[in-house]
Amino acid sequence: MSYDLDINSAIIEPDRLKSFSPILYIREIVRTAATTQDVTITQQLDAGVRYFDLRIARKTNDPEPNKFYFYHGLCTRTDVETVLRDINDWAEKHPKEILILALSHFKDFDNNIEELHQKLIESIKTVFGAKLCNKVSTQDPFPTLKSCWEKGKNVIVSYDYSANQEPELWPRITYYYGNSMDPATVESKLESDLHMRGPNAQDFFACGLNLTLPEDFWVFRYIFFDNPTNVLQRSLPRMLQWLKQQYSQTPYMNIVASDFVTRDDFVSTVVQLNGPTPKCVEA
């Protein structure tokens, strides 16, 4: 949802810039750096994206305290329920396409945390209804495409909150990433994580090709002097080449995620890697 960031939002991250929230120029810089997708959620779905990393927050001093938003550096302009309804409309029209939504982080949920989570969960259940695929349990084994189609269920929601006991919501999906702005470092870290994970995983996990801004003072280098968006765009062709090479050796990527998913043939590359037997989905 980073294509929809609100310039009037307080800075949510990085922490070192939060105190500069009142300064419009700083918020503009943060928005530029944090815009890692540049087409709408519906356009991403139409392009072939089937997994979404959705970070949730509440807006400071929001006149509508019961509304939730997405965030990446700044909060979004559009609230969570509106976007979920857009996704539901698309899922309704494409019943054989399985969508995976990973909700996490939940910023500014400190007060009334249980009540806020319950409100958000009820909203999710209301929007998607019978489309929600129940999480894996002894009663509900890992679903197949065939079982999802037969039951009319094509939305999987991962909800990263340990107290969540709702049968319709899946637990956290592990997201492997390199935590670096250096593509070589990202590749090395992902190779190590995939090797440790092995080929017999019985749950979802994401292999993130995205670069990550540093959390120390080096963040200012990218924020002010080297536009991170440009760095991300320059790195994607290299990361896709690495993906192809790695997949020939380690064909169990599961979910593959990236910034700017509609560029540089990202979606078509992942689809082609699936071949006749799907092993990963794009995000």
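Is Arg 85 buried, partly exposed or exposed? Work through the exercises below on this predicted model.

**Exercise 1. Classify Arg 85 and its salt-bridge partner by accessibility, and place the pair in the fold.**

Step 1. Take Arg 85. The relative accessible area is 37%, so Arg 85 is partly exposed. The class runs between the cut-offs of 20% and 50%.

Step 2. Find the partner. Arg 85 forms a salt bridge with Glu 81. The closest N and O atoms are 2.9 Å apart.

Step 3. Classify the partner. Glu 81 has a relative accessible area of 34%, so Glu 81 is partly exposed.

Step 4. Place the pair. Both residues belong to helix H3, four residues apart, which means a separation of about one helical turn.

**Exercise 2. Describe how helix H3 packs with helix H4.**

Step 1. Fix the elements. H3 covers residues 80-93 and H4 covers residues 113-128.

Step 2. Read the geometry. The angle is about 25°, and the axes lie 9 Å apart. Because angles under 35 degrees count as roughly parallel, H3 is roughly parallel to H4.

Step 3. Add the hand. H3 and H4 make a right-handed crossing.

Step 4. List the contact. H3 contributes Val 80, Glu 81, Leu 84, Arg 85, Ile 87 and Asn 88. H4 contributes Leu 120, Ser 123, Ile 124, Thr 126, Val 127 and Phe 128.

Step 5. Sort by class. The contact of H3 with H4 holds seven nonpolar, three polar and two charged residues. Glu 81 and Arg 85 count as charged, and these two residues also form a salt bridge with each other.

**Exercise 3. Do the same for helices H8 and H9.**

Step 1. Fix the elements. H8 spans residues 228-249, and H9 spans residues 266-274.

Step 2. Read the geometry. The helices pack at about 5°, with axes 11 Å apart. H8 and H9 are therefore roughly parallel.

Step 3. List the contact. From H8 come Leu 240, Leu 243, Lys 244 and Tyr 247. From H9 come Phe 266, Thr 269, Val 270, Leu 273 and Asn 274.

Step 4. Sort by class. Six residues are nonpolar, two are polar and one is charged in the contact of H8 with H9.

**Exercise 4. Which parts of the chain does the salt bridge between Lys 59 and Asp 6 link?**

Step 1. Recall the principle. Side chains of opposite charge can pair when their charged atoms come close.

Step 2. Check the distance. The N to O separation for Lys 59 and Asp 6 is 3.0 Å. The cut-off for a salt bridge is 4 Å.

Step 3. Locate both ends. Lys 59 sits in the loop between strand E1 (51-57) and strand E2 (69-72). Asp 6 sits in the segment before helix H1 (24-34). These are distant parts of the chain, with the residues 53 apart.

Step 4. Add accessibility. Asp 6 has 12% relative accessibility, so Asp 6 counts as buried.

**Exercise 5. Place further salt bridges in the overall count.**

Step 1. State the total. The model has 18 salt bridges.

Step 2. Take a pair. Asp 203 and Arg 197 meet at 2.2 Å, N to O. Asp 203 is partly exposed at 36% relative accessibility. Arg 197 is partly exposed at 22%.

Step 3. Take a network. Salt bridges link Glu 64, Lys 67 and Asp 79.

**Exercise 6. Find unusual backbone geometry, and say where it lies.**

Step 1. Set the expectation. Most residues other than glycine have a negative phi, and most peptide bonds are trans.

Step 2. Check the peptide bond between Glu 13 and Pro 14. This bond is cis, with omega about 0°. Pro 14 lies in the segment before H1.

Step 3. Check Phe 106. Phi is near 50°, a positive value in a non-glycine residue. Phe 106 is in strand E4 (residues 99-107). At 8% relative accessibility, Phe 106 is buried.

Step 4. Check Asp 108. Phi is positive here too, at about 60°. Asp 108 lies in the loop between E4 and H4. At 36% relative accessibility, Asp 108 is partly exposed.

**Exercise 7. Is Pro 22 buried or exposed?**

Step 1. Place the residue. Pro 22 is in the segment before H1.

Step 2. Read the area. Pro 22 has a relative accessible area of 69%, so Pro 22 is exposed.

Step 3. Add a distance. The C-alpha atoms of Pro 22 and Asn 8 are 9.2 Å apart, with their positions 14 residues apart along the chain.

Definitions and conventions
Residues numbered from 1 in each chain as written. Predicted model: local features only at pLDDT ≥ 70, side-chain atom pairs only at ≥ 80, totals over all residues. Heavy atoms only, no water. Axes fitted to C-alpha atoms, helices over the stretch in contact; angles between N-to-C directions. Helix = DSSP H or I, 4+ residues; strand = E, 2+ residues; numbered from the N terminus. Parallel < 35°, antiparallel > 145°, perpendicular 65-115°, else oblique. Left-handed = near helix turned anticlockwise from the far one by under 90°. Contact = heavy atoms within 4.5 Å. Salt bridge = Lys/Arg side-chain N within 4 Å of Asp/Glu carboxyl O. Buried < 20%, exposed > 50% of the residue type's maximum accessible area, 1.4 Å probe, protein only.
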